[in-house]
Amino acid sequence: MTMNYLNPVNPVTTQTWTNGRHQVRCVKVIQETWDTRTFCFMAEQPVMFFFKPGQFVTLELEIDGEQVMRSYTISSSPSVPYSFSITVKRMPGGVVSNWLHDNLKVNDELAVHGPVGKFNIIDYPADKVLMLSGGVGITPLMSMVRWLFDTNATVDLQFVHSSRTPQDIIFHRELEHIFSRIPEFKMHIVCERSDELGEAWSGFRGYLSQAMLELMAPDFMDREIFCCGPTPYMNAVKRLLQENGFDMSHYHEEAFGATPQDVQEDVIENVEQAEAEAEELDVSDMLSVEFSTTGKSVRIQPGETVHTAAAKLGLHIPKACGMGICGTCRVAVTEGEVEMEHNGGITDEDVAEGYILSCCSTPKTNLVVDY
Ligand code: FES
């Protein structure tokens, strides 16, 4: 029997989402603003999509015949668990985001990996919270706000969002609804400017500043802070907090958009360059990684991954997610030990047989890799 996604789900037969690879179907597409859409997903066999608000999923897509993995934070809340959603903004040059806008339709199926992520509100509970977001960086914070609202959390929340213009404010009406109902929840929106259609903006204008923050949340130094937005935005926030002597162990951030490590980033095709770099380091700390099939070896610094070691030699181990989710970069280690921080991309059986994920494994000893 095929599942009709228009029928209500049966709460008795549902499974619970666990970290791993899942096949899901797009069940709804919502135009949030002129350039931002929400895509909602459900599973064939009903699944309760439990996760920690703020976490992300990695989509497995095929674009122009190539497999592409891209991570997006979840914008929905696990308090509404029968589906989950991501909210995606069109970006100049944003291949995957633009592809989703142009191609992903209701009933399309795709695989997702996750949910994972340390940036979440469950692991850092606090009575007083400050959320700071810029642009589409609002998505993980929206998940947190929805969660706090739906679960009647007793949290004193200051929510500050920066947007280019009034028409760019994502989830604006829902935010107004939520923040009008809970006295302990306060919302402040900062717009760079009015929009081209002339919609006036009478609220905070320009860029978030210390003076604004003091007006919005005079006690910001006492709050647990969650921040997500473009890198310059987050850097400005961090600078502001550090200048005030904020205890940064209470600051949590997530960069929106692409997979953290770019696949090409660590490729150094030139062995001499790698060795020249190695010369400048204290060799006693360095570990050697030998690739037995190709007969090449290199010394690397503590903390560098096996994938980086290969790249220094011009060896291209296939890599997609770069964060231990997808399993693409799996290789066998025949000698030595690694520290592996994966996110479910490898089974215990594979580990027992000596396989590692090279993108998230750093050598603990000298290593011989079958590659
Ligand atoms: S590239 Fe995905 S697990 Fe390493």
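The exercises below work through helix α5 and its setting in a predicted model.

**Exercise 1.** Determine what span helix α5 should have, and compare that value with the distance between its end C-alpha atoms.

*Solution.* Begin with the extent of the helix, which covers residues 231-243 and therefore holds 13 residues. The expected span is 1.5 Å times one less than the number of residues, and for α5 this gives 18 Å. The end C-alpha atoms of α5 are 18 Å apart, which agrees with the expectation.

**Exercise 2.** Identify the buried residues of α5, and work out how they are arranged around the helix axis.

*Solution.* Taking buried to mean under 20% relative accessible area, one finds Y233, M234, V237, L240 and L241. When α5 is viewed down its axis, these buried residues fall within an arc of 125°, so they line one face of the helix. The face turned away from this buried side carries P232 and E243, both of which are exposed.

**Exercise 3.** Find which elements cover the buried residues of α5, and describe the residue G245 that follows the helix.

*Solution.* The cover includes the strands β9 (128-134), β10 (156-163), β13 (224-229) and β14 (251-255), together with the helix α4 (210-216). After α5 comes G245, whose phi is positive, near 75°.

**Exercise 4.** Place α5 in the context of the protein chain by stating its helices and strands, its buried share and its contacts.

*Solution.* The protein chain has eight helices and 21 strands, and 49% of its 371 residues are buried. Of the contacts between residues at least 6 apart in sequence, 69% join residues at least 24 apart.

How values were computed:
Residues are numbered from 1 along each chain as its sequence is written. This is a predicted model: local features need pLDDT of at least 70, side-chain atom pairs count only at pLDDT 80 or more; totals for chains, interfaces and linings use all residues. Side-chain values use heavy atoms; hydrogens and water are left out. Helices (H or I, at least four residues) and strands (E, at least two) are DSSP runs, numbered from the N terminus. Buried means under 20% relative accessible area, exposed over 50%, partly exposed in between (1.4 Å probe, protein chains only). The arc is that of the directions from the helix axis to the C-beta atoms. Contact means heavy atoms within 4.5 Å.
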